[in-house]
Amino acid sequence: MTATVSAAIPESAPSRPKHVAVIMDGNNRWAKARRLKGVAGHKAGVDAVRAVVETCAREGVKVVTLFAFSSENWRRPQDEVSALMKLFVFALEREVRKLHRNNICLRLIGERSAFSPLLQNLMAKAETLTADNTAMTLVIAANYGGQWDITDATRKIAGKVASGQLQPSDITEDLIQSHLSLGDLPMPDLMIRTAGEQRISNFMLWHLAYTEFYFSPVFWPDFKRPQMQEALAAYAARQRRFGQTDDQVAARSSL
């Protein structure tokens, strides 16, 4: 997917989301409840990733974006961060070929310079291997923050203005979106956060403007196919108005 998607507010939405974004929360609490180290929860969370991706693929979802590691997560205990980096390497080495066999394109967004050269190299190889796959796009947000994304886009646009490539009057919502990490993908229709927290934690701030939110009390390692299907069913039952009245939506649906 390479075409730029408009930032305009859509007039309608299908009953099945095209793009699902997920904040995978609760790994540490899952492990603590079992008197295990936090990394055990992150390892268990890999199974939930597989289950959610497989479920979304079967249900026709075209894009899944997972918030794997935020720019704020570097503040966690060093042993946990180190374990997460090792798990990231393991996943890229072991899981990417499975994605490729299933025709899934993998993309990674976020500031990569903070990662080790090994990890950066694995990221690049994974993206290259799966670049032409078309069944689904799986996006992993790592060392990512919504504020970083908008700031980075603004910096790029400012550079083009300074060099004369753009005029300030050329700056539109579509132009800003085209410089964001996922400027060529549809906006998320559904954002899921697990483990009971009800905030977006600096995740895709621009993109979530008209997204439906679904908050699950289930810790991420336990969020599997049934829970994902429940989230999709809840989304299908909602009426997305995009600023319109109920009567307008009803009239539109009757066409």
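**Exercise 1.** Leaving aside its neighbours within four places in sequence, which residues is glutamine 227 in contact with?

*Solution.* Start with the ground rules: this is a predicted model, where local features need pLDDT of at least 70, side-chain atom pairs count only at pLDDT 80 or more, and totals for chains, interfaces and linings use all residues. Residues are numbered from 1 along each chain as its sequence is written, and side-chain values use heavy atoms, with hydrogens and water left out.

Step 1: find glutamine 227 in helix H8 (residues 225–236); helices here are DSSP runs of H or I with at least four residues, and strands are E runs of at least two, numbered from the N terminus.
Step 2: look for contacts (heavy atoms within 4.5 Å). With those neighbours set aside, glutamine 227 touches Val218 and Asp222.

**Exercise 2.** Work out how H2 and H3 pack.

*Solution.*
Step 1: helix H2 (residues 38–58) and helix H3 (residues 78–94) meet at about 25°, their axes 10 Å apart. Axes are lines fitted to C-alpha atoms, for helices over the stretch in contact, and angles run from 0 to 180 degrees between N-to-C directions.
Step 2: H2 and H3 are therefore roughly parallel (angles under 35 degrees count as such).
Step 3: the contact uses Val39, His42, Lys43 and Val46 from H2, plus Glu80, Ala83, Leu84 and Leu87 from H3.

**Exercise 3.** Find the edges of the six-stranded sheet.

*Solution.*
Step 1: the open sheet runs E3-E4-E2-E1-E5-E6, with parallel pairing (strands pair if DSSP finds at least two bridges between them).
Step 2: strand E3 (104–109) and strand E6 (212–215) each have a single partner strand, so they stand at the edges.

Conventions:
Angles under 35 degrees count as roughly parallel, over 145 as roughly antiparallel, 65 to 115 as roughly perpendicular and the rest as oblique.
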